[in-house]
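User: Could you walk me through this model, one step at a time? I'd like to follow the reasoning as we go.

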Amino acid sequence: MSSTPSVGRIVRYVSHGTPLRSDGSQEFPPAHRAAMVTEVDPHDPHRVGLVVYNPTGQHFHPLSAGGSVLDETGRLGGSWHWPERV
């Protein structure tokens, strides 16, 4: 069961990584990053706008550019999910 996201909530973002090389490897594979919800799609509460915190700076994924969708498996590049409990 998933909670409904709201502005200001902390989530995890899955980066895309770099394009695949001809041998199938990537220079930078997908990685989980800290993110904060900045907006929620009123028609689809699982699509959100995010600010993503990377070691090299912040990146923005607003709804106007498609936003980011929920992937509870935490594997899909460009998606978000709730932080794992540790």
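Analyst: Happy to! A residue counts as buried under 20% relative accessible area and as exposed over 50%. Keep in mind that this is a predicted model.

User: Is tryptophan 80 buried or exposed?
Analyst: The cut-off for buried is under 20% relative accessible area. Tryptophan 80 has 0% relative accessibility, so tryptophan 80 counts as buried.

User: What kind of aromatic pair do tryptophan 80 and tryptophan 82 form?
Analyst: The structure holds one aromatic pair. A ring pair is described by the distance of the centres and the angle of the planes. Here the centres of tryptophan 80 and tryptophan 82 are 5.2 Å apart, with 90 degrees between the planes. Planes over 60 degrees apart count as edge-to-face, and the pair of tryptophan 80 and tryptophan 82 is therefore edge-to-face.

User: Which strand gives the largest share of the largest nonpolar core?
Analyst: That core has 10 residues in all, among them Val37, Leu50, Trp80 and Trp82. Two or more residues come from each of S1 (10-14), S2 (32-40) and S3 (47-54). The largest share, three residues, comes from S3.

User: How many bridges join S2 to S3?
Analyst: A hairpin through six residues joins S2 to S3. Valine 37 has leucine 50 in S3 as its bridge partner. S2 and S3 run antiparallel, and the number of bridges joining them is six.

User: Which residue in S2 stands opposite valine 14?
Analyst: S1 and S2 run antiparallel and are joined by five bridges. Opposite valine 14, in S2, stands histidine 32.

Methods
Residues are numbered from 1 along each chain as its sequence is written. This is a predicted model: local features need pLDDT of at least 70, side-chain atom pairs count only at pLDDT 80 or more; totals for chains, interfaces and linings use all residues. Side-chain values use heavy atoms; hydrogens and water are left out. Rings of Phe, Tyr and Trp (its six-membered ring) pair if their centres lie within 6.5 Å; planes under 30 degrees apart count as stacked, over 60 as edge-to-face and the rest as tilted. Buried means under 20% relative accessible area, exposed over 50%, partly exposed in between (1.4 Å probe, protein chains only). A nonpolar core is a set of buried Ala, Val, Leu, Ile, Met, Phe, Trp, Tyr and Cys residues joined through side-chain atoms within 4.5 Å. Helices (H or I, at least four residues) and strands (E, at least two) are DSSP runs, numbered from the N terminus. Two strands pair if DSSP finds at least two bridges between them.
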